[in-house]
Amino acid sequence: MADRRFFHEQADRFASLQHALRQAFDPFGLISTSAKAQLAWLQHPGELADTLVDWSSDAWQWQQHTLSRCVGAPDIDLFPSHPDDTRFADPVWSDSPYWDSIKEWYLFNTRWLQDVLYATPGLSEAECNRSAFWLRQWLNAVAPTNLLWLNPLALTKAVLTGGDSLWQGYKNFARDVGRGDIPMTDMDAFTVGENLATTPGTVVHRGRLLEVIHYAPTTPTVHAVPIVLVAPWINKYYVLDLDAKKSLVRHLVDQGFQVFVTSWKNPGTAERDVGFDDYLSDGIATIVDVAKSVSGSDRVHLTGYCIGGTLAAIYLAWLARRGEAEQVASATLLTALTDFSHPGDIDVFLDDEGLAFVERVIARKGYLDGKEMASSFRMLRPNSLIWNYWVSGYLLGEAPTAFDVLYWNMDTTRMPQKMHCYYLREFYVKNRLVEPDALTIAGEPIDLSRIETPLFMVGTQEDHIAPWQQTWALTGKARGPVTYTLSSSGHILGIINPPRPDSKRSYWQGEARRGEDADTWLARQSKAAGSWWPSWVEWLAPQSGKRIKPPAAGPDLGPAPGRYVLE
């Protein structure tokens, strides 16, 4: 018996040592999975030989193609890049045999390495996806376009400017090292409250978690039922109120709606114990009460964006459990996940070891720094969100352009430790929100099938944060009527989609039938041109009561955009 206990203790110690070593050197399993892949190929020499033959065949084609180009043959794009890959769009990569050979060498090896990874014997789908993610990071980093001596555009510009582009690039690099980030826009071009978040309004409530902003009416009469906008606390609220032409807030106010928005406090170490329960009880429940009090209405239209939409769905189930669902006349959920079984590319960070590493990082300060989160999301699209700015800023010496959405994206917020760790484990890893009554939040067991409130749901076609097929999943649980809208573009631009004559956006919209899958729904919809905002207003208006004179202003704690958004 003592011997068995001894061996169990040694096994536990060994497991602890393995965990500690992986946390220190390989928290996301890159080394261990790579080693497993290499061992698998060594154990299957026949398959390994076949893959090496494939590489040799491609290498021979590349060599023949390069030689033929050198003697005047036209470019045939031997190994074409992905249609969305713009790195080699300049004609020099095709017109010049030399640069064409470098491009084709990179593309054929890139394709071969990724194909071999997915063909590795014995690797699970999850291991393949995780390894492919990290492999893509490395392949994208070593692309010839990112290296000065292998980028013909950077070399040409350096010659034409007498080296000034390189000097400007060095100054850009030195500036950004001090900031600790590669900027995607001119960070000096915007000021919140001056040329962003400019819709007139008043802070009518300030609490430990949020300020509530009430916007001034612009019409002689307003709808009796107000709209409450629950912004994501992963970012600042003013994505819903950029400039006057892009502001969803201003659009709603101009359509005669009373509008209230959450401006969440940016937490620090002192808020490390703020939990998800607090975001419901002191957050969404608070703004609903404030909106009802100021407007004089006994109901609100609730709108939640991203994680704010997830919270809104939970709040609907929470109200239903308490027999208070009538407080919400309708709910609009924008790119909101409730089923996290396929959460998109972010899943690569969330195995047990990866999550343990993230939790350890958060525990050091009591919060997850916004820059760390932003870096993770930028890694999901490294060519367009990282290396594109590396090339333009440092190799070409260009100043970043001013783009308000990108400024907002870099104006990061922090996540309190207790809330964020709970959110990652219970939602992303365990996916317990879809299980009836598996989670108890703010004192009530949560079952999404209790939701009977009319829903207007919006997903976006190119969303890599909340894939639209996953946002669709709630239509199979909610018992009330659901109108679903699929907007073109991605997680941000598919939502910030104002109506304008030159819009290139489009959308599909229709009733979601309970039990219908997303593809079947899409197949029976017709594509509509332009913005989905007007159709949403048409959906809201009949449920918004009679038009009344704007109610008297509520408490005045200062003008919009308030204090918390500036923290």
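**Figure 1. Helices and strands of the whole chain.** Welcome to the full fold: this predicted model has 19 helices and 16 strands in its chain. The radius of gyration is 27 Å, close to the 24 Å that the globule rule gives for 567 residues, so the chain is as compact as a globular protein of that length. Along the principal axes, the C-alpha atoms fill a box of roughly 80 × 80 × 50 Å.

**Figure 2. Inside and outside of the chain.** Let's look at burial and surface together. Of the 567 residues, 53% are buried. Taking contacts between residues at least 6 apart in sequence, 80% join residues at least 24 apart. The chain exposes about 25,500 Å², and carbon and sulfur atoms supply 56% of that area. As for charge, the chain carries 52 positive and 66 negative charges, and their mean positions lie 5 Å apart.

**Figure 3. The buried residues of helix 13 and their cover.** Now we zoom in on helix 13, which spans residues 370-379. Its buried residues are Gly370, Met373, Ala374, Ser376 and Arg378. An α-helix has 3.6 residues a turn, so residues three or four places apart point the same way. Among the elements covering the buried residues of helix 13 are three helices: helix 14 (382-395), helix 15 (404-410) and helix 16 (417-429). Strand 8 (367-368) and strand 9 (415-416) also belong to this cover.

**Figure 4. The N-terminal cap of helix 13.** Here is a closer look at where helix 13 begins. Asp369 caps the N-terminal end of this helix. A side-chain oxygen of Asp369 lies 2.8 Å from the backbone nitrogen of Lys371.

Definitions and conventions
Residues are numbered from 1 along each chain as its sequence is written. This is a predicted model: local features need pLDDT of at least 70, side-chain atom pairs count only at pLDDT 80 or more; totals for chains, interfaces and linings use all residues. Side-chain values use heavy atoms; hydrogens and water are left out. Helices (H or I, at least four residues) and strands (E, at least two) are DSSP runs, numbered from the N terminus. The radius of gyration is taken over C-alpha atoms; the globule rule is 2.2 Å times the number of residues to the power 0.38. Buried means under 20% relative accessible area, exposed over 50%, partly exposed in between (1.4 Å probe, protein chains only). Contact means heavy atoms within 4.5 Å. Accessible areas come from the Shrake-Rupley method with a 1.4 Å probe; for residues, only the protein chains shown count as cover. Lys and Arg count as positive and Asp and Glu as negative; His and the chain ends are not counted. The place of a charge is taken as NZ of Lys, CZ of Arg, CG of Asp or CD of Glu. A polar contact is a pair of N or O atoms within 3.5 Å; within protein, one must be able to donate a hydrogen and the other to accept it, and residues adjacent in sequence count only if both atoms are side-chain atoms.
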